[in-house]
Amino acid sequence: MSGPYRPSSPAELLQAFGIHARHKTEAFEKEMNENRLFEKRPLTKEMIEYVVDDAKCWVPKVYESLNRLISPLWKPEFQNKVERWLEESRTALAVPQG
């Protein structure tokens, strides 16, 4: 995988990293694709659980794959940027909207 890459679906992203989501049923996957379920709002509880299960499967694997690509020389800088981004995200979430 080189150059800009934008997967067209979560399944394509999983495939790019060699990850298989075993919790998926073919029937739900087919219904999701044919009826474009994730374009409809609000998401149902089942759809939210589906996405959460995806994240549980692939976040650790994607992290491991990407972590191997970062040079040890750049890891401290990368870690600092991630920590700053997380802190900014936490601060933004803590500010009441309205």
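Q: Where in α3 does a kink lie, and what is its angle?
A: In this predicted model, α3 has a kink of about 35° at Trp-58, shortly before the proline Pro-60. The angle is the one between axes fitted to the seven residues ending at a position and the seven starting there.

Q: How do you know that the length of helix α3 agrees with the expected span?
A: Helix α3 covers residues 45-69, which is 25 residues. The expected span is 1.5 Å times one less than the number of residues, so the helix should span 36 Å; its end C-alpha atoms are 36 Å apart, and the two values therefore agree.

Q: Which residues of α3 are called buried, and why?
A: They are Met-47, Tyr-50, Asp-54, Val-62 and Ser-65. The term applies because each has under 20% relative accessible area. Across the protein, buried residues make up 13% of the 98 residues.

Q: What makes the largest nonpolar core a core, and which residues form it?
A: Its five residues are Phe-28, Met-32, Leu-37, Met-47 and Tyr-50. They qualify because they are buried residues of the nonpolar set, joined through side-chain atoms within 4.5 Å. Two elements, α2 (26-35) and α3, each give two or more residues to this core.

Q: Which residues does Met-32 touch, not counting those up to four places away in sequence?
A: Met-32 touches Leu-37, Phe-38 and Tyr-50. These count as contacts because heavy atoms lie within 4.5 Å.

Q: What is the peptide bond from Arg-41 to Pro-42, cis or trans?
A: The bond is cis, with omega near -5°. Pro-42 is found in the loop between α2 and α3. Most peptide bonds are trans.

Q: What pattern does the protein follow along the sequence, and how many helices and strands are there?
A: The pattern is α-α-α-α, with four helices and zero strands.

Q: What share of the contacts with a separation of 6 or more joins residues 24 or more positions apart?
A: Such pairs account for 46% of those contacts.

Q: Where is confidence lowest, and where is it highest?
A: Helix α1 (residues 10-16) is lowest, at a mean pLDDT of 71, and helix α4 (residues 75-94) is highest, at 89. The protein has a mean pLDDT of 79, and 80% of its residues reach 70 or more. Where pLDDT is low, the predicted coordinates should not be read in detail.

Terms used. Residues are numbered from 1 along each chain as its sequence is written. Side-chain values use heavy atoms; hydrogens and water are left out. Buried means under 20% relative accessible area, exposed over 50%, partly exposed in between (1.4 Å probe, protein chains only). pLDDT is the predictor's confidence in each residue, from 0 to 100.
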